[in-house]
Amino acid sequence: LQVRGCWLGLCSNQDALSVHALLHARGLQGRFDAVLGGDSLATRKPDPAPLRWLQQRAGVGPEHCLLV
């Protein structure tokens with residue numbers, strides 16, 4: 001997806017520091033355009049706010065998003 005020019009966001013309920021540490025440990029830092037940890041916003045999944053935040057950051061409507 002990245003090679004095809006897709007904007008990639010990562011949303012986890014783990015704290016942001018742990019998410020970034022895991023991405024670094026796996027050599028995946030820099031692969032995502034935005035990374036949200038569970039402590040990045042006032043609410044976390046399954047609340048839709050983190051996903052909506054990523055959608056707004058990407059500048060696209062929900063019809064152009066894919067949640068995996």
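**Exercise 1. Describe the largest pocket: its volume and its lining.**

Solution. The largest pocket holds about 700 Å³ of space. A pocket here is an open set of points on a 1 Å grid over the protein atoms alone, with protein on both sides within 12 Å along at least five of seven lines, and lining residues have an atom within 4 Å of a point. The volume is the space filled by probe spheres set on the points, which are joined across faces, edges and corners.

This is a predicted model, in which local features need pLDDT of at least 70, side-chain atom pairs count only at pLDDT 80 or more, and totals for chains, interfaces and linings use all residues. Residues are numbered from 1 along each chain as its sequence is written, and side-chain values use heavy atoms, with hydrogens and water left out.

Step 1: the lining of the largest pocket has 20 residues, and Trp7, Gly9, Cys65, Leu66 and Leu67 lie nearest the centre.
Step 2: strand 1 and helix 2 are the elements that give two or more residues to this lining. Helices (H or I, at least four residues) and strands (E, at least two) are DSSP runs, numbered from the N terminus. Helix 2 supplies the largest share, 4 residues.
Step 3: by class, the lining has 16 nonpolar, 3 polar and 1 charged residues. Ala, Val, Leu, Ile, Met, Phe, Trp, Tyr, Cys and Pro count as nonpolar, Asp, Glu, Lys and Arg as charged, and the others, Gly among them, as polar.

**Exercise 2. Find which residues of helix 2 are buried, and state how they are arranged.**

Solution.
Step 1: in helix 2 (residues 49-58), the buried residues (under 20% relative accessible area, 1.4 Å probe, protein chains only) are Pro50, Leu54 and Gln55.
Step 2: seen down the helix axis, these residues fall within an arc of 140°, so they line one face of helix 2. The arc is taken from the directions from the helix axis to the C-beta atoms.
Step 3: on the other side, Arg52 and Gln56 are exposed, that is, over 50%.
Step 4: strand 1 (9-11) and strand 2 (34-36) are included in what covers the buried residues, contact meaning heavy atoms within 4.5 Å.

**Exercise 3. Locate the backbone features on either side of helix 2.**

Solution.
Step 1: the peptide bond joining Lys45 and Pro46 is cis, with omega about 15°. Pro46 sits in the loop between strand 2 and helix 2.
Step 2: just after helix 2, Gly59 has a positive phi of about 75°.

Methods: 1 Å grid on protein atoms, 1.4 Å probe; cavity = no way out; pocket = protein on both sides within 12 Å on 5 of 7 lines; lining within 4 Å.
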